[in-house]
Amino acid sequence: MDETVFDFDGDYGEGYEALARQVIPGYRTLFPMFTAIIEPDLPPGGRVLVVGAGTGIELVALKRARPDLRLHGVDPSEQMLQIAERRVAEAGVASGVSLQTGYASDVPASPRFDAATLINVLHFVPDDGAKAALLNEIAQRLRRGAVFVLFDLHGDPGSEEHDRYMPAWRRYWRIRGMTAEEAAAFDERIRHGIHFAPAERVVALARDAGFTDPQRFFKGLLYGGWTFRRVGG
Ligand SMILES: C[S@@+](CC[C@H](N)C(=O)[O-])C[C@H]1O[C@@H](n2cnc3c(N)ncnc32)[C@H](O)[C@@H]1O
């Protein structure tokens with residue numbers, strides 16, 4: 001991604017969560033929602049890889065539901081991981097949580113994880129082989145049958161659906177309290193820093209990486225999420 005547009009170690013990272021609550025439909029409920037869906041698939045003491053752990057919301061939601069889980073969060077942003085570390089400690093769920101500065105490719109490939117999440121990350125990655133590479137890196141770290149949660153901004157710019165929901169999303173920002181100036185600045189960030197891909201393309205990339213059984217669990221404006229299952233591995 002162009003790190004000058006969405007700089008998680010700079011101004012964007014500092015205000016990330018407040019902005020996420022403002023612009024991502026369902027942001028508050030997303031984490032308990034997918035946790036509830038995948039929880040039966042997580043064995044006792046299961047290991048979950050959280051890619052793009054950010055400020056640690058996935059980590060806290062998963063540990064609150066299942067204190068036995070062992071979670072490994074990886075993120076290239078030091079600033080985001082510092083917030084995650086603090087949040088996990090404040091929530092009293094630090095035991096069994098490890099954090100690593102870096103990318104999925106930096107995570108040891110064995111032992112394999114029982115599950116992985118990639119929430120609000122893939123849209124920052126260009127579809128020039130990089131989205132495919134990221135999904136492959138995650139697949140390589142999962143055992144056969146592992147569950148994978150993928151949630152991102154996606155869509156086909158120029159499609160009728162995109163033409164309907166992009167302006168609706170802009171109106172949503174204002175309804176959720178953004179000033180006109182903030183909305184204009186955020187729009188610029190979206191234009192330059194988000195790499196939209198059609199939903200079918202995202203699912204195809206996941207399939208190519210070794211994931212099957214896509215189950216759409218959420219769609220709101222241009223955001224949506226699926227669970228997948230790792231085949232092979
Ligand atoms: C929008 S935040 C999402 C954080 C959290 N998952 C959430 O939904 O609140 C995106 C995070 O992904 C990280 N990130 C960006 N590119 C990444 C990549 N290629 N691999 C892993 N993480 C990445 C950023 O540093 C940032 O912390």
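Tutor: A quick definition to begin: a residue counts as near a molecule if one of its heavy atoms lies within 4 Å of it. This is a predicted model, where local features need pLDDT of at least 70, side-chain atom pairs need 80 or more, and totals for chains, interfaces and linings use all residues. Residues are numbered from 1 along each chain as its sequence is written, and side-chain values use heavy atoms, without hydrogens or water.

Student: Great, so how many residues surround the ligand, and which are the closest?

Tutor: The ligand is surrounded by 18 residues, with Tyr16, Tyr27, Gly52, Glu58 and Asp75 the closest.

Student: How does the shell around the ligand divide into nonpolar, polar and charged?

Tutor: The shell has 12 nonpolar residues, 4 polar and 2 charged. Here Ala, Val, Leu, Ile, Met, Phe, Trp, Tyr, Cys and Pro are nonpolar, Asp, Glu, Lys and Arg are charged, and the others, including Gly, are polar.

Student: What lies 2.6 Å from an oxygen atom of the ligand?

Tutor: That's a polar side-chain atom of Tyr27, and the pair is a polar contact (N or O atoms within 3.5 Å).

Student: And which residues have a backbone N or O atom by a nitrogen atom of the ligand?

Tutor: Gly52 has one 2.8 Å from a ligand nitrogen, and Ile119 has one at 2.9 Å from a nitrogen of the ligand. The protein buries 95% of the 590 Å² that the ligand exposes when taken alone, using Shrake-Rupley areas with a 1.4 Å probe.

Student: Zooming out, how many helices and strands are in the chain?

Tutor: The chain has 9 helices and 7 strands, taken as DSSP runs (H or I, at least four residues, for helices; E, at least two, for strands). Its radius of gyration, over C-alpha atoms, is 17 Å, close to the 17 Å from the globule rule (2.2 Å times the number of residues to the power 0.38) for 233 residues, so the chain is as compact as a globular protein of that length.

Student: What does the C-alpha trace span along its principal axes?

Tutor: About 50 × 40 × 30 Å.

Student: Now the backbone: is the peptide bond from Ser110 to Pro111 cis or trans?

Tutor: That bond is cis, with omega near 0 degrees, and Pro111 sits in the loop between strand E3 (97–101) and strand E4 (113–119).

Student: And what is phi for Asp213?

Tutor: Asp213 is not a glycine, yet its phi is positive, about 55 degrees. Most residues other than glycine have a negative phi, and most peptide bonds are trans. Asp213 belongs to strand E6 (residues 211–220).

Definitions and conventions. A polar contact is a pair of N or O atoms within 3.5 Å; within protein, one must be able to donate a hydrogen and the other to accept it, and residues adjacent in sequence count only if both atoms are side-chain atoms.
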